[in-house]
Amino acid sequence: MERTEIFEIARNGLWKQNPALTQLLGLCPTLAISTSVVNGASLGLATVLVMALASALTAALRNLIPYEIRIPVFILIIASLVTMVDLAFNAWFHSLYLVLGIFIPLIVVNCIVLARVEVFAAKNGVLSSAWDGITMGAGLVVVLALLGGLRELLGAGTLFGGIDMVFEGARPLHVLPEAYPGFLVAILPPGAFLLLGFLIAGRNWLEERAARRARGAAHEARPAAA
Amino acid sequence: MNAAFAATARNALILFGFALAFTALMAITWGATRDTIRASAEAEKMKLIDEVLPPRAYDNALLSDWTGIGPEPALGLDAPSRVLRARRGGEPVALLLEAQANDGYGGPIRLLVAVGADGSVLGVRVTQHRETPGLGDYIDLHKDRNKAHPWIRRFEGRGLAQIPPERWRVKKDGGDFDYVAGATISARAVTGAVGRALAFASAHRDALFSAPGGVRPAGGG
């Protein structure tokens with residue numbers, strides 16, 4: 001891999017084609033699990049692991065997979081990997097499994113994994129594909145943690161609730177006063193949709209501003225709608 | 001036609017090969033992790049038991065003093081289970097029952113209930129559930145954000161003497177127990193199951209304590 005390629009893949013995963021904000025793929029687990037920072041980031045990190053493995057394995061096997069049956073084979077690869085990761089976590093990282101346990105099987109239904117396997121890993125080398133999986137996953141981690149943080153803060157007034165299950169003895173932050181009644185809608189599914197909408201709007205605004213500045217130097221042209 | 005058939009057959013064979021290879025991989029992983037997973041499940045169970053019943057309260061070998069019961073609808077179970085019996089100096093201290101609430105929001109909720117010999121609940125823990133993370137999962141002590149007064153501990157010390165069976169419900173249904181607004185179903189399911197388990201343990205208390213003990217094979221299993 002060249003430097004520019006490494007950089008370009010990372011930029012795609014984290015910003016330009018961010019899975020949750022631009023491709024809008026894998027919304028089902030994104031919206032369901034992002035009720036707190038710890039939940040969101042935990043699911044995100046488990047997804048990073050599966051995406052890296054699935055993309056690398058698919059890239060390694062890509063010349064053996066006939067085009068017509070690629071989708072069933074990809075799904076087979078992803079589902080098997082998720083099962084193996086699930087079992088391995090249960091056996092060897094049990095305390096982490098207690099946190100991630102119910103989320104790991106959910107990764108199977110996250111279409112971002114299949115999407116990257118199909119769009120990228122099936123046409124690229126093993127290292128590039130693994131890196132693509134990692135950075136796409138990282139893009140998801142950032143959004144999930146951000147969304148989880150917003151929902152937790154608005155819904156319960158805390159941050160990092162449940163951190164004691166990941167790090168023994170760590171305590172959640174009570175950002176808002178103890179008397180904060182909690183804004184339940186933020187925790188409920190509608191809150192996830194609303195806040196994700198704000199995050200997407202924020203990202204689009206930043207993109208548009210950047211585009212306007214780039215063009216502004218030449219003349220005052222209105223940027224095309226995103 | 002023949003060419004198409006040959007291509008299809010080839011693809012089917014390749015897909016079959018992939019299925020075989022990945023099934024083998026999964027089988028190997030399962031075989032390699034099975035014993036560790038079972039051991040950690042046992043350790044997990046002992047840790048849970050310590051939470052509902054302090055180890056100081058009894059002096060018998062708890063895990064080997066059990067009696068088997070058949071599938072018990074009162075406990076919500078459709079398979080046989082074990083009732084553990086805690087004793088101190090030979091005197092009954094507590095019964096430990098497994099119970100299941102089949103009306104959880106995300107599916108069945110498994111519970112471990114300790115009922116004291118005096119007929120009151122000593123402790124309850126959720127051992128398995130699929131309630132919505134961040135919403136209904138407060139029934140699980142470790143997920144409950146109310147660390148000072150976790151919801152699941154509200155049953156402790158309550159017995160049928162103070163609260164009759166028909167009041168083992170959430171307040172919304174005319175019972176005595178609180179719930180978190182927006183996630184009533186999880187609390188309703190657990191409260192009902194705890195009430196039924198308590199009623200079962202109270203009704204069969206003497207029979208359960210005096211039933212011949214099951215034999216646990218040497219070396220544990």
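What follows is a short chat about reading a predicted model with chains A and B.

Visitor: Before we start, how are things numbered and filtered here?

Guide: Residues count from 1 along each chain as its sequence is written, and chains are lettered from A in the order in which they are written. Since this is a predicted model, local features need pLDDT of at least 70 and side-chain atom pairs count only at pLDDT 80 or more, while totals for chains, interfaces and linings use all residues.

Visitor: What is the mean pLDDT of chain B?

Guide: pLDDT is the predictor's confidence in each residue, from 0 to 100. Chain B has a mean of 88, with 96% of its residues at 70 or more. Residues 216-221 of chain B stay under 50, though. As a whole, the model scores ipTM 0.73 and pTM 0.67.

Visitor: How many residues of each chain are in contact with the other?

Guide: Two residues are in contact if their C-beta atoms, placed from the backbone, lie within 7 Å. Here 29 residues of chain A are in contact with 23 residues of chain B. On the side of chain A that touches chain B, α4(A) gives the most, with 12 residues. Helices (H or I, at least four residues) and strands (E, at least two) are DSSP runs, numbered from the N terminus.

Visitor: Which helices and strands does chain A have?

Guide: Chain A has 9 helices and 2 strands. Along the sequence they read α-α-α-α-α-α-α-β-β-α-α.

Visitor: Now chain B. How far apart are the ends of α1(B)?

Guide: The expected span of a helix is 1.5 Å times one less than its number of residues. The 51 residues of α1(B), residues 2-52, should therefore span 75 Å, and the end C-alpha atoms are 69 Å apart, which agrees. There's also a kink of about 45° centred on Thr33(B); the bend at a residue is the angle between axes fitted to the seven residues ending there and the seven starting there.

Visitor: How do I see which strands pair in chain B?

Guide: Two strands pair if DSSP finds at least two bridges between them. In chain B, β1 (residues 66-69) and β2 (residues 81-88) run antiparallel, joined by 4 bridges. Thr67(B) stands opposite Val83(B) in β2(B). Then 5 bridges join β2(B) to β3(B), residues 91-101, again antiparallel, and Arg87(B) has Pro92(B) as its bridge partner in β3(B).

Visitor: What sits between β2(B) and β3(B)?

Guide: That hairpin has 2 residues between the strands, and Gly89(B) takes a positive phi near 60°.
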